[in-house]
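This report covers one helix and one pocket of the structure shown below.

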Amino acid sequence: MNILLIHQYFLEEDDPGGSRWNEFTRVWSSQGHTITVLGGMMHYNGSEKRSEYKGKYFVQKQQGGVTVWRCHVSEAYNRHFLGRLWGYFSFMFSALYAGLFKVRGRFDVVIVTSPPLFVGVTGYLVSRLKRMPFLFEVRDLWPESAIDTGVLKNKLVIKLAYLVERFIYKRAHLVNVLTPAFYNVLRDKKGIAENKLIQISNAADFSLSEDLLKNFEREPFRKEHGLDGRFVITYVGAHGVANHLEQLLDAGEALEDTDVLFLLIGQGMEKERLIKMAAERNVTNVRFLDSVPKAEVFRYILASEMGASVLKRVDTFKTVYSNKTFDYMSCKKPILMAIDGVSRKLVEDAGAGCYVEPENTGEYNRVIREYLSDPVRLVREGESGYRFAKENFDREVLAKKYLEHIKTISRVR
């Protein structure tokens, strides 16, 4: 098959962060399929373009067996809300141009993964003008999540977003969702026909974790990075409004008489404010690290006692799976799950950790102290989560399952 993927946040080979689509395309390429990606020039947590992209609108690269066209994204992306919105639209237009005039050859299907929602228009236009089927993937219920977190307030933009959403859902040949809650919302509340819906979830990357589980030297790493003697709870991911990470500062204050250390790894619009807040409040058991390559992220997770999945307490987030939850599982670490809904159910069904009510400092305090007094529980829940993820969320298995769905609408049957 010849597959065109439009994904604004498709990672560079050396980028930090999750790699769902990097792994899917790697698997498909290794099976002999031809993959072309239209990706953005800005990391989702980055503040500026790489020097190799400065002053350029399109750059073609090869990432393993995948051809990647890097398309222009405005550097105002991470400055403020209007900058973020323009970042979305700038990629929408640059990816459309690249899809029509830069990439060559005949494609069997175009896949668009969102957010941003507006890039779905790009995928639809490319699919119509190049006469191929169109698959739209929903990684986040947008605009609901932006509205619930207070990021999106302009009534005109909200109305436009809902119009675009309906337009895309109606014209996509298939719609993939990442959680059962998304599936139910699209079917029951948004009226999407069930024969158009599929569910391929986020998944665990065992290609990294299994080798490290055998060979990682935990104690030397902990000593080298100042983690020795601490009960380390690692959060990996975005530091944005939706994450509301100040709840971890509150938890840190409540646990300052213990050996608990919250280790926050990542970037985002809220990070500078959080660092300043921690200093002003003299919270000494919360440590901030910049983003690191994924292999290094896994070392930090393995050097920890627990992994944290954290979002703001809003109803929309009851429908989401946190990406890093699966990485914690693949590293045999129990999860401190501060997200209600399907994420909570996932952890409870897997026996892989404990739910703590988001933004409830008292519950953080109670739950974490229970773990401090029960080290056997850490091992038991870590092993349970690993087994559950291996059986249900292996990324290579899901990549092959995804491809079977794609074949049902592609030119190659």
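## Helix H10 and the second largest pocket

In this predicted model, the exposed residues Glu 272, Lys 276, Ala 279 and Glu 280 lie on the face of H10 that is turned away from its buried side. The buried residues of this helix, which runs over residues 271-280, are Lys 271, Leu 274, Met 277 and Ala 278. These four sit on the same side of H10 because they cover an arc of only 125° around the axis. Helix H9 (246-254) and strand E11 (286-289) are among the elements that cover the buried residues of H10. Just after the helix, Asn 282 has a positive phi of about 55°.

The second topic is a pocket. The second largest pocket has a volume of about 390 Å³. It is lined by 23 residues, of which Glu 12, Glu 13, Ser 19, Asn 22 and Glu 23 are the closest to its centre. Two or more lining residues come from each of helix H1 (20-30), helix H7 (206-215) and helix H11 (294-302). H1 gives the most, with 5 residues.

The table gives the lining by class.

| Class of lining residue | Count in the second largest pocket |
|---|---|
| Nonpolar | 6 residues |
| Polar | 9 residues |
| Charged | 8 residues |

Glu 12, Glu 13 and Glu 23, listed among the residues closest to the pocket centre, belong to the charged class.

Conventions. Residues are numbered from 1 along each chain as its sequence is written. This is a predicted model: local features need pLDDT of at least 70, side-chain atom pairs count only at pLDDT 80 or more; totals for chains, interfaces and linings use all residues. Side-chain values use heavy atoms; hydrogens and water are left out. On a 1 Å grid over the protein atoms alone, a cavity is a set of points where a 1.4 Å probe fits but cannot get out, and a pocket is an open set with protein on both sides within 12 Å along at least five of seven lines; lining residues have an atom within 4 Å of a point. Grid points are joined across faces, edges and corners, and a volume is the space filled by probe spheres set on the points. Buried means under 20% relative accessible area, exposed over 50%, partly exposed in between (1.4 Å probe, protein chains only). The arc is that of the directions from the helix axis to the C-beta atoms. Contact means heavy atoms within 4.5 Å.
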